[in-house]
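Q: Could you take me through the salt bridges in this model, with a close look at one part of the chain? I'd like to know how far the prediction can be trusted, too.

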Amino acid sequence: MKSRLLFLPLIALALAVAGMATAKTSRQQGVSPERQKARYYYLEGLRHQGQEEAQEAYEYFKRATAIDPTYTEAASAYATQRISLRLDTMRTPAELNRSLAMLRPFVDKYPDDANEALYYSLVAQSVNQIPEAIRVLESLTEHNPQLSSAYAQLAEAYMRSGETEMAIETFNRLETIDGKSIPISLTKISYRLHSADTVGAVAEAKAIMDANPANPQCRILMGNMMNLVQKKDSALLYFEEAEKLNPDLGAAKLALADFYLQQGDSAQYDAKTYEALISEDFGLDEKLDLMTRYIYKILSEKNNMKRSDHLFEVLRQQFPHEPEMLNFAAQYSAAKGDFKDAAEQIGYAIDLSPSDMQLRAQMMSYLISDDRAEEAMKYYDDFKKQLTPPRRLTALYAAAAQIAHHTDTAINAYKNLIREINSNFPTDSVLTARMIPASVTYDDMLAISELYTSIGDCYYADKRLQEAYNAYDNALTLNPDNAMALNNYAYFLSENGGDLERAAEMSLKSLDAQNSSNPTFLDTYAWILHKKGDEAEALKYQTSAIEEAEKQGAAHSELYDHYGDILKENDKDDEALEAYEKALEHEDKEDARTKLEQKIKALKNVKK
């Protein structure tokens with residue numbers, strides 16, 4: 001098990017015991033001239049440290065240690081400052097071990113100094129000197145048997161050394177002093193489970209429950225353990241006992257709700273979720289998390305959202321004017337596809353938190369999704385009169401302009417975003433690899449590649465083909481794996497008499513990895529194969545595109561139209577006719593509907 005120390009910056013270790021050197025006292029063993037001089041510098045270091053002058057304190061402690069290396073207090077203070085200073089040179093393994101060596105004499109000299117020992121242990125573990133950390137912590141628990149934090153740190157050190165039983169025994173020792181507690185029992189259970197000792201984990205849960213028979217939380221813990229070992233009836237029994245011990249306990253309601261969810265009992269799941277939502281034990285954040293999980297389940301199963309409407313209203317009535325609740329209401333409406341209400345709700349949230357740029361970004365997204373791109377642009381323009389919009393809002397503005405067919409406005413906005421990220425990139429000419437600045441970060445390269453892709457889409461919509469192709473080339477120069485650029489470039493090439501071999505190569509590359517089931521990308525590759533005359537292979541990919549689109553609820557007219565054309569070339573007229581009819585069902589544009597009707601009529605005439 002990884003210790004939290006692996007993730008704790010060394011500067012945080014030092015700051016956690018800020019002022020520690022101030023607590024160190026000069027315990028004179030005898031005063032030599034060197035010690036007297038070193039002591040002067042040490043006391044000056046303490047004075048500067050007390051005034052939060054870290055660099056000055058560091059220099060004085062360093063001088064004191066240089067004059068008298070045996071002066072343990074000064075050496076320890078100097079080592080602490082070395083670790084605390086924001087200098088990379090002090091954080092190399094060699095220098096950290098050197099600092100640790102300077103800390104050790106003080107810790108060994110004064111083993112009852114808890115602060116020093118705990119700090120020393122943290123540093124030792126950070127440089128992977130686990131046995132040394134254990135040695136000092138064991139000594140500390142002998143001198144301070146009531147110090148709970150020492151046992152906790154010692155148990156973690158044992159776990160890092162792979163000694164699970166010693167870690168558990170350490171907590172057993174603490175329990176003989178402080179008694180059993182749920183946090184310690186949970187830690188011991190996690191240690192047992194880490195070692196695949198489910199029997200021992202269950203025994204720990206039962207022990208804490210037996211020690212606290214009136215505590216419903218212990219029953220919930222036992223229920224969770226029974227659930228883990230697949231003893232469902234016993235798990236339900238313990239959850240119900242917890243609820244009986246405290247009928248108003250939200251945690252018991254939640255445990256039962258989760259249990260019923262696992263069992264597929266939607267009626268009981270709804271009932272217990274409702275009871276958890278009205279529980280006074282939970283605050284808004286916990287209830288929003290609970291409701292989010294509930295709604296996600298409804299959406300993932302494509303169930304009727306009316307199931308969640310009632311529970312949502314129960315929650316909203318409890319917190320009608322909280323910005324978080326209004327934000328959640330907006331997201332809930334958006335999840336149901338009601339972007340008009342989503343925009344209205346997020347507007348109320350913005351009124352309460354006008355400086356929250358995330359809420360403003362959601363407003364623009366909802367307006368765009370509600371086919372109100374012009375309003376989204378106006379929203380941005382009005383905001384710009386007051387403050388400088390953040391990059392995310394500008395990107396949404398560009399997208400809104402693109403959707404509203406204000407292509408020049410969109411192109412200029414995308415170009416401005418590129419200049420904002422890095423002004424060295426060309427926005428009106430072809431980019432070569434040699435032109436990419438060495439200082440640009442990988443993330444910025446990916447972001448600029450996406451912006452070039454959007455510029456290419458705009459140029460293509462404006463029938464400026466060469467400029468579109470240049471933009472796609474720029475996108476791929478920065479990120480050869482940019483799937484959207486590969487797909488769009490390939491499709492537009494195939495539609496405008498371009499190099500079909502290159503188009504097929506790019507399209508196939510766009511289907512790598514996570515895009516292998518993307519219906520749009522599958523459709524592009526199938527269509528290019530169709531253009532090349534490889535009808536059998538085209539049918540295979542187009543069939544996959546249709547299956548994936550229907551599975552994802554993303555089917556549209558063009559997919560079925562292409563499917564019909566490819567089926568027809570494969571002499572599957574009946575299936576082609578069915579595909580055209582589905583395309584017609586999904587088509588709103590009159591000219592496109594007319595073309596589909598002509599295809600349907602032609603096939604029907606052939607059948608006659």
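A: Happy to. This is a predicted model, so confidence comes first: the chain has a mean pLDDT of 89, and 93% of its residues reach 70 or more. Helix α23 (residues 391-403) has the highest confidence, at a mean of 97, while helix α1 (residues 10-15) has the lowest, at 35. Over residues 1-29 the pLDDT stays under 50, although the model has 58 contacts beyond four places in sequence for them.

Now to the charged pairs. The model has 42 salt bridges, and two of them join helices α6 and α8. In one, the side chains of glutamate 132 and arginine 104 meet at 3.6 Å, N to O. Because glutamate 132 lies in helix α8 (residues 130-143) and arginine 104 in helix α6 (residues 93-109), this pair ties together parts that are 28 residues apart in sequence. The glutamate 132 side of the pair is buried, at 11% relative accessibility, whereas arginine 104 is partly exposed, at 35%.

The other pair brings arginine 135 and aspartate 108 together at 3.1 Å, N to O. Here arginine 135 belongs to helix α8 and aspartate 108 to helix α6, 27 residues apart. Both partners are partly exposed: arginine 135 has 34% relative accessibility, and aspartate 108 has 37%.

For a contrast, look within a single helix. Lysine 206 forms a salt bridge with aspartate 210, with their closest N and O atoms 2.8 Å apart. The two are four residues apart in helix α12 (residues 198-211), so about one helical turn separates them. Lysine 206 is partly exposed at 41% relative accessibility, and aspartate 210 is partly exposed at 46%.

Salt bridges also link residues into a network, made up of Glu165, Glu175, Lys180, Lys188, Arg192, Asp197 and Glu204.

To set these pairs beside the nonpolar parts of the model, turn to the cores. The largest nonpolar core has 93 residues, and those touching the most other members are Ile346, Tyr414, Phe425, Tyr452, Ile455 and Leu478. A second, separate core has 49 residues, including Ala77, Ala150, Tyr151 and Tyr158. Leucine 478 is worth picking out in the viewer: leaving aside residues up to four places away in sequence, it touches Phe425, Leu431, Ile436, Met445, Ile448, Ser449 and Tyr452.

Finally, a word on cysteines. The model has zero disulfides. Cysteine 218 is buried at 0% relative accessibility, and cysteine 458 is buried at 1%.

Definitions and conventions: Residues are numbered from 1 along each chain as its sequence is written. This is a predicted model: local features need pLDDT of at least 70, side-chain atom pairs count only at pLDDT 80 or more; totals for chains, interfaces and linings use all residues. Side-chain values use heavy atoms; hydrogens and water are left out. A disulfide is a pair of cysteine sulfur atoms within 2.5 Å. Buried means under 20% relative accessible area, exposed over 50%, partly exposed in between (1.4 Å probe, protein chains only). A nonpolar core is a set of buried Ala, Val, Leu, Ile, Met, Phe, Trp, Tyr and Cys residues joined through side-chain atoms within 4.5 Å. Contact means heavy atoms within 4.5 Å. pLDDT is the predictor's confidence in each residue, from 0 to 100. A salt bridge is a side-chain nitrogen of Lys or Arg within 4 Å of a carboxyl oxygen of Asp or Glu.
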